[in-house]
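Subject: Structure handover

Hello,

Here is the structure for you to look through. Please open it first, then read my notes below.

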Amino acid sequence: MDLVLESWVCSLIELSKIRWMLGVGKPWTPGTRLKLLFAGYNGNRNTGSDVRVEEMIRQVRRILGDDHLELSVLSHNLELSGGYFQTARQVKLPDIFPPFLFREISGYHGVVACEGSMFKSKFANALTAMMIGSLGIAAAQNKLSVGYGAEAGHMDRFLQKMCRRYCADSLVITRNEESQSVLGRLGVPTELGTDTAWTFEPLGTEYGEQVLRQAGWDGRTLILGLCPINPFWWPVRPSVVKLTLWKTLGLYLESHYRSIYFHGTQVNAAFHRYLTAFANGVAAFGRDHRVFPVLIGMEALDRRACEIMSERLGGLPLFISDQYDMYQLVSILRCCHLLVSSRYHGIVTCMAALVPSAGVTMDERIRNLMRERGHTDLLLEVDDPDLEVKLVGVLKRLLKDSQEIRRGIGRTVVSNLKAMARMGVYFQEHVQHRYPEFPLSTGHLSWDDFLPVLSPNLQKLVETYDEG
(Lines give C-alpha, C1' and ligand atoms only; values in the text may rest on other atoms or scores of the structure.)
Protein backbone atom coordinates (compact mmCIF):
# COMPACT_ATOMS: atom_id res chain seq x y z
CA MET A 1 0.00 0.00 0.00
CA ASP A 2 2.87 2.42 0.72
CA LEU A 3 4.24 1.77 -2.76
CA VAL A 4 0.82 2.36 -4.34
CA LEU A 5 0.47 5.67 -2.50
CA GLU A 6 3.98 6.79 -3.42
CA SER A 7 3.50 5.85 -7.08
CA TRP A 8 0.24 7.77 -7.11
CA VAL A 9 2.05 10.87 -5.82
CA CYS A 10 4.78 10.48 -8.47
CA SER A 11 2.24 10.26 -11.29
CA LEU A 12 0.50 13.43 -10.12
CA ILE A 13 3.78 15.36 -9.95
CA GLU A 14 4.53 14.31 -13.53
CA LEU A 15 1.03 15.28 -14.61
CA SER A 16 1.41 18.66 -12.89
CA LYS A 17 4.55 19.33 -14.89
CA ILE A 18 2.83 18.46 -18.18
CA ARG A 19 -0.16 20.65 -17.39
CA TRP A 20 2.10 23.57 -16.47
CA MET A 21 4.02 23.21 -19.73
CA LEU A 22 0.69 23.32 -21.56
CA GLY A 23 -0.17 26.61 -19.89
CA VAL A 24 -2.51 25.40 -17.15
CA GLY A 25 -2.12 27.57 -14.04
CA LYS A 26 -1.09 31.13 -13.34
CA PRO A 27 2.30 32.35 -12.01
CA TRP A 28 2.63 35.16 -9.50
CA THR A 29 2.42 38.61 -11.07
CA PRO A 30 3.72 41.90 -9.58
CA GLY A 31 1.14 43.86 -7.66
CA THR A 32 -0.73 40.79 -6.43
CA ARG A 33 -0.45 39.00 -3.10
CA LEU A 34 1.91 36.04 -2.91
CA LYS A 35 -0.22 33.00 -2.07
CA LEU A 36 1.70 30.43 -0.02
CA LEU A 37 0.51 27.06 1.26
CA PHE A 38 2.06 25.68 4.47
CA ALA A 39 1.90 21.90 4.16
CA GLY A 40 2.36 19.85 7.32
CA TYR A 41 1.02 17.58 10.03
CA ASN A 42 -1.35 19.96 11.78
CA GLY A 43 -4.76 19.60 13.37
CA ASN A 44 -3.83 16.46 15.32
CA ARG A 45 -2.97 18.24 18.58
CA ASN A 46 0.70 17.51 18.11
CA THR A 47 2.02 20.45 20.09
CA GLY A 48 5.45 20.45 18.45
CA SER A 49 4.09 20.44 14.91
CA ASP A 50 1.62 23.22 15.67
CA VAL A 51 4.17 25.40 17.47
CA ARG A 52 6.63 25.07 14.58
CA VAL A 53 4.10 26.24 12.01
CA GLU A 54 2.82 29.05 14.24
CA GLU A 55 6.33 30.48 14.36
CA MET A 56 7.04 29.92 10.67
CA ILE A 57 3.99 31.97 9.81
CA ARG A 58 4.98 34.74 12.23
CA GLN A 59 8.46 34.79 10.72
CA VAL A 60 7.34 34.82 7.09
CA ARG A 61 4.79 37.55 7.80
CA ARG A 62 7.48 39.74 9.33
CA ILE A 63 10.02 39.14 6.55
CA LEU A 64 7.71 39.51 3.55
CA GLY A 65 5.01 41.76 5.02
CA ASP A 66 1.32 41.07 5.63
CA ASP A 67 0.25 43.43 2.85
CA HIS A 68 2.00 41.25 0.28
CA LEU A 69 0.87 37.82 1.46
CA GLU A 70 -2.06 35.46 1.44
CA LEU A 71 -1.23 32.43 3.61
CA SER A 72 -3.00 29.09 4.03
CA VAL A 73 -2.25 26.11 6.30
CA LEU A 74 -3.29 22.48 5.96
CA SER A 75 -5.07 20.93 8.95
CA HIS A 76 -6.47 17.43 9.49
CA ASN A 77 -9.00 18.79 11.97
CA LEU A 78 -10.06 22.42 11.71
CA GLU A 79 -11.71 22.33 15.13
CA LEU A 80 -8.56 21.13 16.92
CA SER A 81 -6.43 23.79 15.20
CA GLY A 82 -8.97 26.56 15.72
CA GLY A 83 -7.36 29.74 17.07
CA TYR A 84 -3.94 28.77 15.73
CA PHE A 85 -1.82 30.26 12.90
CA GLN A 86 -3.03 33.84 13.28
CA THR A 87 -4.32 35.32 10.01
CA ALA A 88 -3.63 32.27 7.82
CA ARG A 89 -6.61 30.49 6.30
CA GLN A 90 -6.91 26.84 7.36
CA VAL A 91 -7.66 24.21 4.72
CA LYS A 92 -8.95 20.73 5.53
CA LEU A 93 -6.46 18.01 4.57
CA PRO A 94 -8.14 14.67 3.76
CA ASP A 95 -6.55 11.38 4.82
CA ILE A 96 -6.30 10.28 1.18
CA PHE A 97 -4.25 13.26 0.09
CA PRO A 98 -2.74 12.82 -3.43
CA PRO A 99 -5.67 14.14 -5.52
CA PHE A 100 -6.22 16.93 -3.00
CA LEU A 101 -2.62 18.15 -3.31
CA PHE A 102 -2.84 17.97 -7.10
CA ARG A 103 -5.91 20.22 -7.11
CA GLU A 104 -5.04 22.53 -4.21
CA ILE A 105 -1.43 23.47 -4.96
CA SER A 106 -2.33 24.78 -8.41
CA GLY A 107 -4.07 27.70 -6.70
CA TYR A 108 -0.92 28.94 -4.93
CA HIS A 109 2.34 30.61 -5.92
CA GLY A 110 4.43 28.43 -3.64
CA VAL A 111 4.56 25.71 -1.00
CA VAL A 112 6.36 25.73 2.33
CA ALA A 113 6.66 22.16 3.62
CA CYS A 114 6.73 22.47 7.38
CA GLU A 115 6.76 18.99 8.93
CA GLY A 116 9.79 18.47 11.19
CA SER A 117 10.35 14.79 10.32
CA MET A 118 10.05 15.66 6.65
CA PHE A 119 12.26 13.07 5.00
CA LYS A 120 12.28 9.80 6.94
CA SER A 121 10.53 6.45 7.10
CA LYS A 122 10.56 6.26 10.90
CA PHE A 123 7.00 7.51 11.40
CA ALA A 124 5.13 7.03 8.14
CA ASN A 125 6.18 6.72 4.53
CA ALA A 126 2.86 8.36 3.68
CA LEU A 127 3.87 11.53 5.52
CA THR A 128 7.19 11.78 3.67
CA ALA A 129 5.41 11.06 0.38
CA MET A 130 3.06 13.93 1.17
CA MET A 131 5.96 16.29 1.84
CA ILE A 132 7.78 15.26 -1.35
CA GLY A 133 4.52 15.50 -3.26
CA SER A 134 3.83 19.03 -1.99
CA LEU A 135 7.32 20.24 -2.87
CA GLY A 136 7.40 18.31 -6.12
CA ILE A 137 4.10 19.63 -7.47
CA ALA A 138 5.12 23.20 -6.65
CA ALA A 139 8.53 22.76 -8.28
CA ALA A 140 6.96 21.10 -11.34
CA GLN A 141 4.88 24.25 -11.79
CA ASN A 142 7.98 26.46 -11.47
CA LYS A 143 6.73 27.88 -8.17
CA LEU A 144 8.36 28.56 -4.81
CA SER A 145 9.16 25.17 -3.23
CA VAL A 146 10.77 25.29 0.21
CA GLY A 147 11.18 22.75 3.00
CA TYR A 148 11.54 24.75 6.23
CA GLY A 149 13.26 23.42 9.36
CA ALA A 150 13.40 19.88 7.98
CA GLU A 151 14.88 16.72 9.41
CA ALA A 152 16.12 13.93 7.15
CA GLY A 153 17.01 10.39 8.18
CA HIS A 154 16.65 6.88 6.85
CA MET A 155 14.19 6.61 3.98
CA ASP A 156 13.03 3.50 2.15
CA ARG A 157 14.64 3.13 -1.27
CA PHE A 158 11.63 4.29 -3.29
CA LEU A 159 11.28 7.42 -1.14
CA GLN A 160 14.95 8.18 -1.73
CA LYS A 161 14.35 7.99 -5.49
CA MET A 162 11.32 10.26 -5.16
CA CYS A 163 13.29 12.77 -3.12
CA ARG A 164 16.19 12.78 -5.60
CA ARG A 165 13.90 13.25 -8.62
CA TYR A 166 11.27 15.64 -7.32
CA CYS A 167 13.08 17.82 -4.75
CA ALA A 168 16.10 18.73 -6.89
CA ASP A 169 14.52 22.11 -7.73
CA SER A 170 13.39 22.85 -4.17
CA LEU A 171 15.30 24.50 -1.35
CA VAL A 172 15.34 22.57 1.91
CA ILE A 173 16.51 24.41 5.01
CA THR A 174 17.41 21.68 7.49
CA ARG A 175 17.55 21.88 11.26
CA ASN A 176 20.92 20.13 11.60
CA GLU A 177 24.04 19.17 9.65
CA GLU A 178 23.17 15.47 9.76
CA SER A 179 20.03 16.15 7.72
CA GLN A 180 22.03 18.23 5.27
CA SER A 181 24.32 15.28 4.68
CA VAL A 182 21.41 12.89 4.01
CA LEU A 183 19.80 15.25 1.49
CA GLY A 184 23.12 16.27 -0.05
CA ARG A 185 23.75 12.66 -1.05
CA LEU A 186 20.41 12.76 -2.88
CA GLY A 187 21.27 15.94 -4.78
CA VAL A 188 18.76 18.15 -2.93
CA PRO A 189 19.83 21.81 -2.47
CA THR A 190 20.05 22.68 1.24
CA GLU A 191 20.94 25.39 3.70
CA LEU A 192 21.59 24.87 7.40
CA GLY A 193 18.96 26.21 9.78
CA THR A 194 17.22 24.96 12.88
CA ASP A 195 13.80 24.16 14.26
CA THR A 196 11.32 27.05 14.32
CA ALA A 197 9.80 26.57 17.78
CA TRP A 198 12.46 28.70 19.51
CA THR A 199 10.53 31.96 19.28
CA PHE A 200 7.20 30.58 20.57
CA GLU A 201 5.66 32.39 23.52
CA PRO A 202 2.92 30.56 25.49
CA LEU A 203 0.57 31.90 28.12
CA GLY A 204 2.33 33.37 31.13
CA THR A 205 3.57 31.25 34.02
CA GLU A 206 0.63 32.41 36.11
CA TYR A 207 -1.61 30.16 34.00
CA GLY A 208 0.64 27.11 34.39
CA GLU A 209 1.07 27.67 38.12
CA GLN A 210 -2.66 28.02 38.65
CA VAL A 211 -3.41 24.75 36.83
CA LEU A 212 -0.65 22.95 38.72
CA ARG A 213 -1.99 24.19 42.07
CA GLN A 214 -5.41 22.90 41.12
CA ALA A 215 -3.76 19.53 40.48
CA GLY A 216 -2.27 19.43 43.98
CA TRP A 217 1.02 21.32 43.77
CA ASP A 218 1.82 23.18 46.99
CA GLY A 219 3.64 26.05 45.30
CA ARG A 220 7.05 25.09 46.74
CA THR A 221 7.94 21.50 45.86
CA LEU A 222 10.07 20.99 42.75
CA ILE A 223 7.90 20.05 39.76
CA LEU A 224 9.24 17.12 37.74
CA GLY A 225 7.77 17.06 34.23
CA LEU A 226 7.61 13.72 32.43
CA CYS A 227 6.83 13.32 28.70
CA PRO A 228 6.51 9.62 27.81
CA ILE A 229 5.41 8.30 24.42
CA ASN A 230 4.94 4.98 22.69
CA PRO A 231 8.24 4.87 20.78
CA PHE A 232 7.72 1.41 19.32
CA TRP A 233 4.50 1.51 17.31
CA TRP A 234 6.00 3.45 14.41
CA PRO A 235 5.98 3.51 11.47
CA VAL A 236 2.32 3.90 10.57
CA ARG A 237 1.39 2.08 7.36
CA PRO A 238 -1.74 1.95 5.22
CA SER A 239 -3.55 -1.40 5.05
CA VAL A 240 -6.83 -2.14 3.29
CA VAL A 241 -6.82 -5.67 4.76
CA LYS A 242 -6.55 -4.40 8.34
CA LEU A 243 -9.16 -1.75 7.62
CA THR A 244 -11.58 -4.43 6.41
CA LEU A 245 -10.94 -6.65 9.43
CA TRP A 246 -11.30 -3.68 11.77
CA LYS A 247 -14.64 -2.65 10.31
CA THR A 248 -16.11 -6.15 9.96
CA LEU A 249 -14.67 -8.06 12.94
CA GLY A 250 -13.37 -5.34 15.25
CA LEU A 251 -9.78 -6.56 14.88
CA TYR A 252 -6.76 -4.21 15.07
CA LEU A 253 -8.78 -1.78 17.18
CA GLU A 254 -5.86 -0.74 19.38
CA SER A 255 -3.46 -0.33 16.46
CA HIS A 256 -5.81 1.74 14.29
CA TYR A 257 -4.40 5.23 13.79
CA ARG A 258 -6.79 6.90 11.35
CA SER A 259 -8.56 6.11 8.08
CA ILE A 260 -6.56 3.33 6.34
CA TYR A 261 -3.45 3.78 8.55
CA PHE A 262 -2.38 1.40 11.33
CA HIS A 263 0.40 1.30 13.90
CA GLY A 264 2.62 -1.75 14.26
CA THR A 265 1.17 -4.41 16.57
CA GLN A 266 4.13 -6.52 17.74
CA VAL A 267 5.47 -3.89 20.10
CA ASN A 268 3.59 -4.15 23.39
CA ALA A 269 6.38 -5.91 25.30
CA ALA A 270 8.99 -3.28 24.36
CA PHE A 271 6.53 -0.46 25.11
CA HIS A 272 5.79 -1.75 28.60
CA ARG A 273 9.49 -2.37 29.34
CA TYR A 274 10.19 1.26 28.47
CA LEU A 275 7.31 2.58 30.61
CA THR A 276 8.24 0.31 33.54
CA ALA A 277 11.86 1.42 33.49
CA PHE A 278 10.84 5.07 33.10
CA ALA A 279 8.36 4.85 35.99
CA ASN A 280 10.69 2.86 38.25
CA GLY A 281 13.50 5.36 37.72
CA VAL A 282 11.22 8.25 38.65
CA ALA A 283 9.95 6.36 41.71
CA ALA A 284 13.49 5.58 42.89
CA PHE A 285 14.52 9.22 42.50
CA GLY A 286 11.38 10.33 44.35
CA ARG A 287 12.23 8.20 47.37
CA ASP A 288 15.31 10.33 48.03
CA HIS A 289 14.16 13.69 46.65
CA ARG A 290 10.90 15.50 47.29
CA VAL A 291 9.33 16.27 43.91
CA PHE A 292 5.86 16.77 42.44
CA PRO A 293 5.81 14.62 39.26
CA VAL A 294 3.37 15.48 36.47
CA LEU A 295 2.76 13.80 33.11
CA ILE A 296 2.64 15.97 30.00
CA GLY A 297 1.35 14.53 26.71
CA MET A 298 2.75 16.68 23.91
CA GLU A 299 0.55 14.88 21.37
CA ALA A 300 -2.95 13.49 21.82
CA LEU A 301 -1.51 10.07 20.94
CA ASP A 302 0.57 10.21 24.13
CA ARG A 303 -2.48 9.87 26.39
CA ARG A 304 -2.23 6.08 26.71
CA ALA A 305 1.46 6.20 27.65
CA CYS A 306 0.77 8.93 30.21
CA GLU A 307 -2.19 7.09 31.71
CA ILE A 308 -0.26 3.83 32.11
CA MET A 309 2.70 5.62 33.67
CA SER A 310 0.42 7.60 35.99
CA GLU A 311 -1.14 4.38 37.24
CA ARG A 312 2.27 2.82 37.88
CA LEU A 313 3.33 5.85 39.90
CA GLY A 314 0.24 5.94 42.06
CA GLY A 315 -1.90 8.39 40.11
CA LEU A 316 -0.12 11.50 38.82
CA PRO A 317 -1.73 14.62 37.32
CA LEU A 318 -2.16 14.43 33.56
CA PHE A 319 -1.84 17.34 31.14
CA ILE A 320 -2.51 16.08 27.62
CA SER A 321 -2.71 18.10 24.41
CA ASP A 322 -6.17 16.76 23.58
CA GLN A 323 -7.44 18.93 26.46
CA TYR A 324 -4.88 21.76 26.52
CA ASP A 325 -3.95 23.89 23.51
CA MET A 326 -0.33 24.72 22.70
CA TYR A 327 -0.38 28.05 24.56
CA GLN A 328 -1.65 26.35 27.73
CA LEU A 329 0.47 23.21 27.54
CA VAL A 330 3.79 24.99 27.02
CA SER A 331 2.94 27.33 29.91
CA ILE A 332 2.55 24.26 32.14
CA LEU A 333 5.74 22.77 30.74
CA ARG A 334 7.75 25.91 31.52
CA CYS A 335 6.64 25.82 35.16
CA CYS A 336 8.55 22.56 35.65
CA HIS A 337 11.79 22.68 37.59
CA LEU A 338 13.12 19.47 35.98
CA LEU A 339 12.05 17.64 32.82
CA VAL A 340 12.61 14.22 31.29
CA SER A 341 11.09 13.91 27.83
CA SER A 342 10.85 11.49 24.95
CA ARG A 343 9.31 14.30 22.89
CA TYR A 344 11.77 16.54 21.06
CA HIS A 345 9.55 19.60 21.37
CA GLY A 346 8.90 18.87 25.02
CA ILE A 347 12.55 19.78 25.48
CA VAL A 348 12.76 22.58 22.89
CA THR A 349 9.71 24.51 24.09
CA CYS A 350 10.84 24.56 27.73
CA MET A 351 14.41 25.63 27.00
CA ALA A 352 13.51 29.32 26.79
CA ALA A 353 12.52 29.00 30.46
CA LEU A 354 15.94 27.38 31.17
CA VAL A 355 14.31 24.22 32.55
CA PRO A 356 17.05 21.60 33.16
CA SER A 357 16.02 18.75 30.87
CA ALA A 358 17.08 15.27 29.79
CA GLY A 359 15.96 13.12 26.87
CA VAL A 360 14.93 9.49 26.49
CA THR A 361 15.15 9.18 22.73
CA MET A 362 13.83 6.91 19.99
CA ASP A 363 15.69 8.59 17.11
CA GLU A 364 18.24 11.22 16.15
CA ARG A 365 16.25 14.38 16.94
CA ILE A 366 16.84 14.54 20.71
CA ARG A 367 20.28 13.01 20.20
CA ASN A 368 21.28 15.87 17.88
CA LEU A 369 19.85 18.47 20.27
CA MET A 370 21.72 17.12 23.30
CA ARG A 371 24.94 17.00 21.31
CA GLU A 372 24.40 20.64 20.34
CA ARG A 373 23.83 21.59 23.99
CA GLY A 374 26.93 19.70 25.11
CA HIS A 375 24.75 17.46 27.27
CA THR A 376 25.18 14.01 25.75
CA ASP A 377 25.42 12.66 29.30
CA LEU A 378 21.76 13.67 29.72
CA LEU A 379 20.70 11.44 26.82
CA LEU A 380 19.15 8.00 27.30
CA GLU A 381 17.75 5.48 24.79
CA VAL A 382 14.20 4.11 24.96
CA ASP A 383 15.41 0.52 24.55
CA ASP A 384 18.38 0.69 26.94
CA PRO A 385 18.20 -2.37 29.24
CA ASP A 386 19.66 -0.19 32.02
CA LEU A 387 17.25 2.69 31.48
CA GLU A 388 15.88 2.59 35.05
CA VAL A 389 19.27 2.85 36.75
CA LYS A 390 20.64 5.41 34.31
CA LEU A 391 17.54 7.58 34.65
CA VAL A 392 18.08 7.91 38.39
CA GLY A 393 21.61 9.12 37.75
CA VAL A 394 20.46 11.60 35.11
CA LEU A 395 17.78 13.03 37.41
CA LYS A 396 20.35 13.49 40.17
CA ARG A 397 22.60 15.34 37.73
CA LEU A 398 19.73 17.60 36.61
CA LEU A 399 19.21 18.55 40.25
CA LYS A 400 22.84 18.81 41.31
CA ASP A 401 24.21 20.66 38.27
CA SER A 402 21.13 22.68 37.35
CA GLN A 403 22.94 26.03 37.09
CA GLU A 404 25.61 24.67 34.75
CA ILE A 405 22.95 22.95 32.64
CA ARG A 406 20.91 26.17 32.44
CA ARG A 407 23.93 28.04 31.08
CA GLY A 408 24.33 25.47 28.32
CA ILE A 409 20.63 25.69 27.54
CA GLY A 410 20.68 29.50 27.44
CA ARG A 411 23.60 29.57 25.02
CA THR A 412 21.86 27.00 22.81
CA VAL A 413 18.62 28.98 22.70
CA VAL A 414 20.43 32.13 21.55
CA SER A 415 22.50 30.18 19.02
CA ASN A 416 19.30 28.74 17.55
CA LEU A 417 17.59 32.12 17.44
CA LYS A 418 20.44 33.33 15.25
CA ALA A 419 20.22 30.19 13.12
CA MET A 420 16.49 30.78 12.71
CA ALA A 421 17.23 34.36 11.63
CA ARG A 422 19.61 33.01 8.96
CA MET A 423 16.77 30.79 7.78
CA GLY A 424 14.74 33.94 7.28
CA VAL A 425 17.53 35.42 5.17
CA TYR A 426 17.74 32.25 3.05
CA PHE A 427 13.98 32.27 2.60
CA GLN A 428 13.93 35.92 1.56
CA GLU A 429 16.75 35.36 -0.92
CA HIS A 430 14.94 32.35 -2.39
CA VAL A 431 11.74 34.36 -2.83
CA GLN A 432 13.78 37.08 -4.55
CA HIS A 433 15.42 34.51 -6.84
CA ARG A 434 12.09 32.94 -7.81
CA TYR A 435 10.12 36.21 -8.00
CA PRO A 436 12.62 39.06 -8.63
CA GLU A 437 9.89 41.71 -8.68
CA PHE A 438 8.46 40.82 -5.28
CA PRO A 439 8.75 43.88 -2.97
CA LEU A 440 11.20 43.23 -0.14
CA SER A 441 12.41 45.34 2.78
CA THR A 442 15.54 47.36 2.13
CA GLY A 443 17.94 49.34 4.28
CA HIS A 444 20.01 48.33 7.28
CA LEU A 445 18.54 45.28 8.99
CA SER A 446 19.67 43.55 12.18
CA TRP A 447 19.70 39.75 12.51
CA ASP A 448 16.61 39.82 14.71
CA ASP A 449 14.65 41.65 11.99
CA PHE A 450 14.45 38.25 10.29
CA LEU A 451 12.66 36.70 13.28
CA PRO A 452 9.17 37.06 14.69
CA VAL A 453 9.14 39.87 17.26
CA LEU A 454 10.95 38.43 20.29
CA SER A 455 9.25 38.28 23.69
CA PRO A 456 10.85 40.16 26.63
CA ASN A 457 12.00 36.79 27.99
CA LEU A 458 13.86 35.93 24.78
CA GLN A 459 15.34 39.43 24.58
CA LYS A 460 16.72 38.93 28.08
CA LEU A 461 18.23 35.58 27.09
CA VAL A 462 19.93 37.23 24.11
CA GLU A 463 21.39 39.93 26.37
CA THR A 464 22.64 37.31 28.83
CA TYR A 465 23.91 34.52 26.60
CA ASP A 466 24.83 36.11 23.25
CA GLU A 467 28.47 35.25 22.67
CA GLY A 468 28.75 37.37 19.53
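**Charges over rings**

The charged end of K35 sits over the ring of Y108, 5.8 Å from the ring's centre. R175 does likewise with Y344: its charged end is over that ring, 4.6 Å from the centre. "Over" has a cut-off here: NZ of Lys or CZ of Arg must be within 6 Å of the ring centre and within 35 degrees of the ring normal.

Before you go on, note that this is a predicted model, in which local features need pLDDT of at least 70, side-chain atom pairs count only at pLDDT 80 or more, and totals for chains, interfaces and linings use all residues. Residues are numbered from 1 along each chain as its sequence is written, and side-chain values use heavy atoms, with hydrogens and water left out.

**Pockets**

R175 comes up again here. The largest pocket has a volume of about 280 Å³. It is lined by 18 residues, and those closest to its centre are R175, N176, G193, E372 and N416. Two elements, α13 (364–373) and α15 (402–434), give two or more residues to this lining. α13 gives the most, with five residues. The lining holds five nonpolar, six polar and seven charged residues.

The second largest pocket has about 220 Å³ of space. Its lining includes W20, M21, R165 and Y166. α1 (2–21), α4 (125–140) and α5 (157–166) each supply at least two of the lining residues. Which helix gives the largest share of this lining? α1 does, with five residues. By type, the lining has seven nonpolar, one polar and four charged residues.

Now the terms. On a 1 Å grid over the protein atoms alone, a pocket is an open set of points with protein on both sides within 12 Å along at least five of seven lines; a cavity is a set where a 1.4 Å probe fits but cannot get out; lining residues have an atom within 4 Å of a point. Grid points are joined across faces, edges and corners, and a volume is the space filled by probe spheres set on the points. Helices (H or I, at least four residues) and strands (E, at least two) are DSSP runs, numbered from the N terminus. Ala, Val, Leu, Ile, Met, Phe, Trp, Tyr, Cys and Pro count as nonpolar, Asp, Glu, Lys and Arg as charged, and the others, Gly among them, as polar.

**Cavities**

The whole structure has three cavities of 30 Å³ or more. The second largest holds about 70 Å³ of space. Ten residues line that cavity, and I229, N230, W233, L301 and D302 are the closest to its centre.

**Aromatic pairs**

A search of the whole structure finds nine aromatic pairs (Phe, Tyr or six-membered Trp rings with centres within 6.5 Å; planes under 30 degrees apart are stacked, over 60 edge-to-face, the rest tilted). Y84 and F85 are edge-to-face, because their ring centres are 5.7 Å apart and their planes are at 80 degrees. Both Y84 and F85 are buried (under 20% relative accessible area with a 1.4 Å probe, protein chains only; exposed is over 50%, partly exposed in between). Ring pairs also link Y84, F85, F200 and Y327 into a cluster.

**A buried serine**

S341 is in strand β14 (residues 338–341). Is S341 buried or exposed? It counts as buried, at 0% relative accessibility. A polar atom of its side chain lies 2.7 Å from the backbone oxygen of R343.

Best wishes

Notes: Polar contact = N/O pair within 3.5 Å; in protein donor to acceptor, adjacent residues only side chain to side chain.
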